[in-house]
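Please go through the chain shown below with its domains, one domain interface and a few single residues in mind. The report that follows is meant to be read alongside the coordinates.

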Amino acid sequence: MKYSELAELYERLDSTTKRLEKTYHLSEFLRKASADEIGAVILMVQGRVFPSFDERELGVANQHLIKAISSASGTPTATVEKEWAKTGDLGKVAELLVKWKKQSTLAAAELTVKKVFDNLRKLTELSGQGSVDRKLQLIAELLSSAKGQEARYVVRTILGQLRVGTGAGILRDAIAWAYFPKAVEKVFVNCSSCHKIIPPADNCVECGKELSKEAKKAAVTSAAEGEESAREEYNIILGKIQQAYDLTNDFGVVAKKAKTEGIKGLENVEIKAGTPIKVMLALKAETVEEALETAGRPAQCEYKYDGFRLECHRDKDKIWLYTRRLENVTNQFPDVVECLKKHVKGDNYIMDAEAVGFDPKTQKYVPFQNISQRIKRKYDIEKTAEELPVEVNVFDVLSYEGKSFIKEPFKKRRELIERIVSSTKRKIVVSKAITADKEPEIERFFKQAKADGTEGLMIKKLDAPYQPGARVGYMLKFKKVMENLDLAVVAAEWGEGKRAKWLSSYYLACNSEGKLLEIGKVSTGLKEKREEGLSFDEVTELLRPLIAEQQGRYVKVKPKIVLEVAYEEIQKSPTYESGYALRFPRIIRNRSEEKGVDDINTLEDVERLYKTQKKMKA
Ligand code: ATP
């Protein structure tokens, strides 16, 4: 497939913000790609050449690109820099300069998607002496063959700045549209006159023109089968695609399965050590009784450790560790890697665990905040591992010796971890648990859990499978306190007086179906000195690059930073667009390492908490 076709697709995707139109363009393109090309195409429409969980990076700086553009276009670097200063966009600079050159030279070999993909991947394999020159050659080779538009997209991809708005939802839907057209046509058709994607009918709802014969046929089928069943069929397909994605985290793999093996292929996607799987999440229970209603009696009750989720993979000598957001943190935890090799039987597995920090002197658990810095640590790793050690608490197993266990009942998975993990205190242990069916026994275990420095209990359904990526009632967290909220910072204000150098108050928002709605402003909980904990200075540094607009002391920021906030009460309030406000909010910690804006608390959560609080007061 020619790269120019992909560049055309980027252009089309860029030209609309409408989700259905994007889905349509992408699906048409996917249909044309061969099974061998799909993997690369899907990654490249996301602006990457490795799946997001792969830690390899292209490692090309602006200055390298300037040199590559200069060499490919035969323009002095000073000119490239001058053009860059004008537009601030190296992609556009490459496009312009390559166009100038093309007018005076013969056409070079045509770029293919494979060529671009391969060259970009090769960039990550180069290191050491002479690697910068070799990288420049690989890029210049692409830019010399590229036409203007192609050069723009090659450069943006290299810089990680290709943003054509194809999020996970659009990719998932486009795979359905591309490979299951029959089910999709009953729900949507493409108008032959205005080319808008519309519900099937005699006439287009957008332009009013009569639809083509095929579209009408689809309308008849859809009416005959009833719109609801057509929707249901479509949703089932979306569900299967999502499920396959939750297991592989790579839409390339999913699309190839869908194209070559259809629904069966999606259903049979295998999990594999080394490829992270979306973790199963928990619901919240207000009382033990409520938890047992969902989990059934008896249920497994486990300590809820206050650390961070660690998905542990092993295949022979290779170990991978992933966070809840599926970031590869293997390099940051050499102590955990050693510990797994030493204390877990078997050389191929995927286990789910919580890593908890403890004080090396007192051996007591410490709150997550104390060890959170280990997750991002790039230097002094061994030393930090000694100062801030962690204990791995294994609570689930997803595959063992090549066999998937996710469909097996939890009881069987638990038996397996008890067999394979040799529990060694403050190194690796199987999570502390009892199986119980009576409230008083569970309440007693809860007290013991709190006394042992954990957050409370996880109450789990014994016969449940492992449901990746879902917040289902297979496990419930029971903490018995007014839940803190994880909220996104959407704006901030510069402080006054001695705080003038910091952004010292933050506007917080919850999520309502993808929209961020403000719920309050917080300025307490942070420290003035870094040594004392999360500081104004640190939060200011996190927010500074995200500033999008400034009016006096007030700044709007791109929503990326997630803060956990405690409060005394939730009140109804006309001041904020969510309709609620937090009384006495206080920042507890920065959760941006573990949670993105999509994972923050929702307006529904706030409404639920508001009601719970009313009940508690009554
Ligand atoms: P919270 O803020 O309450 O930790 P959350 O939104 O971060 O909630 P949830 O999935 O709702 O995450 O709560 C469950 C989390 O608790 C898991 O993601 C896991 O990291 C942690 N956890 C600690 N101990 C256990 C355990 N024994 N079994 C399962 N999860 C556990």
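The text below covers the basis of the values, then the domains, the backbone and selected side chains.

## Basis

This is a predicted model, in which local features need pLDDT of at least 70 and side-chain atom pairs count only at pLDDT 80 or more, while totals for chains, interfaces and linings use all residues. Residues are numbered from 1 along each chain as its sequence is written, and side-chain values use heavy atoms, with hydrogens and water left out.

## Domains and one interface

The domain assignment of the protein chain gives domain 1 (48–159), domain 2 (168–267), domain 3 (283–478) and domain 4 (485–617). Such bounds come from an automatic or database domain assignment.

Between domain 2 and domain 3, the C-alpha centres are 39 Å apart. Contact (heavy atoms within 4.5 Å) links 5 residues of domain 2 with 6 residues of domain 3. Domain 2 and domain 3 bury about 310 Å² between them, and 59% of this is on carbon and sulfur atoms. Buried area here is the accessible area (1.4 Å probe) that two parts lose on being put together, summed over both.

Which three residues supply 80% of the area that domain 2 buries against domain 3? They are Asp246, Leu247 and Asn249, which give more than any other three residues. Helix 13 (residues 227–248) gives the most to the side of domain 2 that touches domain 3, with 3 residues. Helices (H or I, at least four residues) and strands (E, at least two) are DSSP runs, numbered from the N terminus. By class, that side of domain 2 has 1 nonpolar, 2 polar and 2 charged residues. Ala, Val, Leu, Ile, Met, Phe, Trp, Tyr, Cys and Pro count as nonpolar, Asp, Glu, Lys and Arg as charged, and the others, Gly among them, as polar.

Across the interface of domain 2 and domain 3 the rule finds 0 salt bridges, a salt bridge being a side-chain nitrogen of Lys or Arg within 4 Å of a carboxyl oxygen of Asp or Glu. The count of residue pairs in polar contact across the interface of domain 2 and domain 3 (both at pLDDT 80 or more) is also 0. A polar contact is a pair of N or O atoms within 3.5 Å; within protein, one must be able to donate a hydrogen and the other to accept it, and residues adjacent in sequence count only if both atoms are side-chain atoms.

## Backbone

Most residues other than glycine have a negative phi, and most peptide bonds are trans. A cis peptide bond joins Arg297 and Pro298, with omega about -10°. Pro298 lies in the loop between helix 15 (288–295) and strand 4 (299–304).

Two residues other than glycine with positive phi are listed here.

| Residue | Phi | Loop | Relative accessible area |
|---|---|---|---|
| Arg426 | about 60° | between helix 19 (410–420) and strand 10 (428–430) | 16%, buried |
| Glu513 | near 50° | between strand 15 (503–512) and strand 16 (515–522) | 85%, exposed |

Buried means under 20% relative accessible area, exposed over 50%, and partly exposed in between (1.4 Å probe, protein chains only).

## Helix 9 and Arg152

Helix 9 is largely enclosed by the rest of the structure, because 11 of its 11 residues are buried. Arg152 is in helix 9 (residues 148–158) and has a relative accessible area of 10%. The C-alpha atoms of Arg152 and Gly91 are separated by 4.0 Å, although these residues are 61 apart along the chain. Leaving aside neighbours within four places in sequence, Arg152 is in contact with Glu11, Gly91, Lys92 and Glu95. With Glu11, the side chain of Arg152 makes a side-chain polar contact at 3.5 Å. Gly160 follows helix 9 and has a positive phi, near 70°.

## Two buried loop residues

Arg374 is found in the loop between helix 17 (368–371) and helix 18 (381–387), and counts as buried at 1% relative accessibility. Beyond its neighbours within four places in sequence, Arg374 is in contact with residues including Gln332, Phe333, Asp335 and Thr384.

Thr75 is in the loop between helix 4 (62–73) and helix 5 (77–87), and is buried at 11% relative accessibility. The side chain of Thr75 makes a polar contact with the side chain of Ser73 (2.6 Å). With neighbours within four places in sequence left aside, Thr75 is in contact with Ser70, Val80 and Leu97.
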